[in-house]
Amino acid sequence: MRTILTIQSHVAFGHVGNRAAVFPLERLGLEAIAVNTVQFSNHTGYGAWSGTVFPAEHVAQVISGVNDRGALAGVDAVLTGYMGAADLGDVVMDAVARVKGLNPSALYCCDPVMGDVGRGFFVRPGIPEFFREKAVPLADAITPNQFELEYLTGRTVGDLASALQATAAARALGPRWVLVTSLSRQDAPADSIEMLLDGPDGAWLVATPRLDLDPLPNGAGDCVAALFLAKLLETGEPPEALAHAASAIYAVFAVTKLSGQRELQIIRAQDELVAPSRRFTPVKVR
């Protein structure tokens, strides 16, 4: 059984951060060691929330306690997402270094959660710089949305050509794989939403129908990163991991739309996480 150390936010209500990642990982048969960077009542997209950003010392102590049990030696991948505060960055980097020191083949997947189109940045000062200057260069895979990709590379994405230029620029920062989790471009059908994966063996694009969800549920990127990493570990085939992640999150969106709820319906759609009823096949574009 493969094990993932996932360091992200936690909410009591809803599904973002670790609440959007741990259940999919476990449903796919992986062991998840969850370290929470914050504990909030709900995600910040509601505009009001309560809770605490955990101090860096607290997160470091939790990780050290896990290491004291010998558990970090069995970790096959580290997944990181929402940080909460910039000083958590060094703690995260230390955890990645510990895992890779114990298991040189372990992967580091960084979801550089910073902001989104229409909202701009929604994280504290210093966090975007941490991702660009420290986390992304050390990652094996990153899973930015389009807004985050543009920030990391300093490039504007408008069409497929500019998207591929941006993912190539992101890969030049250090990661082997760049998965853009939500791509909207001028030269694509308006009724579709895409994911773009760029790696050493080429680039693949997968499109799914754009569902009318207003507001769009938070946490989809967190879920996609977990699904992609889980399938990458299982299959060793990035295009297959992309196909599964896109198909599964589309199914989650479809179930969410039918429910009439704002939050991602990950539990209701749990069987779709494992075997999506509708499969979307990526097309190689480079």
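In the predicted model, Trp49 has a relative accessibility of 41% and therefore counts as partly exposed, since the partly exposed class lies between the limits of 20% and 50%. Phe40, by contrast, is buried, with a relative accessibility of 7%, because burial requires a value under 20%. The ring centres of Phe40 and Trp49 are 6.0 Å apart and their planes meet at 40°, so the pair is classed as tilted. This assignment follows because planes under 30 degrees apart count as stacked and those over 60 as edge-to-face, the rest being tilted.

The structure contains four aromatic pairs. One of these is formed by Phe13 and Tyr46, again tilted, with a centre-to-centre distance of 6.4 Å and an angle of 50° between the planes. Phe13 lies in the loop between β1 (3-11) and α1 (18-27), and Tyr46 in the loop between β2 (31-40) and β3. The two residues are 33 residues apart, and their pairing thus links distant parts of the chain. Phe13 is partly exposed, at a relative accessible area of 49%, and Tyr46 is likewise partly exposed, at 33%. Tyr46 also has a charged neighbour: the charged end of Arg262 sits over the Tyr46 ring, 4.1 Å from the ring centre.

The strands β1, β2 and β3 belong to an open sheet of 10 strands with mixed pairing, ordered β3-β2-β1-β4-β5-β8-β9-β10-β11-β12. The edges of this sheet are occupied by β3 (51-53) and β12 (283-284); each has a single partner strand, so one side of each is left without a neighbour in the sheet. Within the sheet, β5 (residues 107-110) and β8 (residues 141-142) run parallel and are joined by two bridges. At this junction, Cys110 stands opposite Ile142 in β8. Helix α6 (residues 160-172) packs on the sheet, where it touches β8, β9 (177-183), β10 (192-199) and β11 (202-209). The direction of α6 makes about 40° with that of β10.

An unreviewed UniProt entry annotates residues 53-253 as "domain: Pyridoxamine kinase/Phosphomethylpyrimidine kinase". Over residues 53-253, the chain is 46% helix and 19% strand. The C-alpha atoms at the two ends of this segment are 29 Å apart.

Terms used. Residues are numbered from 1 along each chain as its sequence is written. This is a predicted model: local features need pLDDT of at least 70, side-chain atom pairs count only at pLDDT 80 or more; totals for chains, interfaces and linings use all residues. Side-chain values use heavy atoms; hydrogens and water are left out. Two strands pair if DSSP finds at least two bridges between them. Helices (H or I, at least four residues) and strands (E, at least two) are DSSP runs, numbered from the N terminus. Contact means heavy atoms within 4.5 Å. Axes are lines fitted to C-alpha atoms, for helices over the stretch in contact, and angles run from 0 to 180 degrees between N-to-C directions. UniProt positions are given in the numbering used here, feature names are shortened, and annotations may be inferred rather than shown by experiment. Rings of Phe, Tyr and Trp (its six-membered ring) pair if their centres lie within 6.5 Å; planes under 30 degrees apart count as stacked, over 60 as edge-to-face and the rest as tilted. Buried means under 20% relative accessible area, exposed over 50%, partly exposed in between (1.4 Å probe, protein chains only). A charge sits over a ring if NZ of Lys or CZ of Arg is within 6 Å of the ring centre and within 35 degrees of the ring normal.
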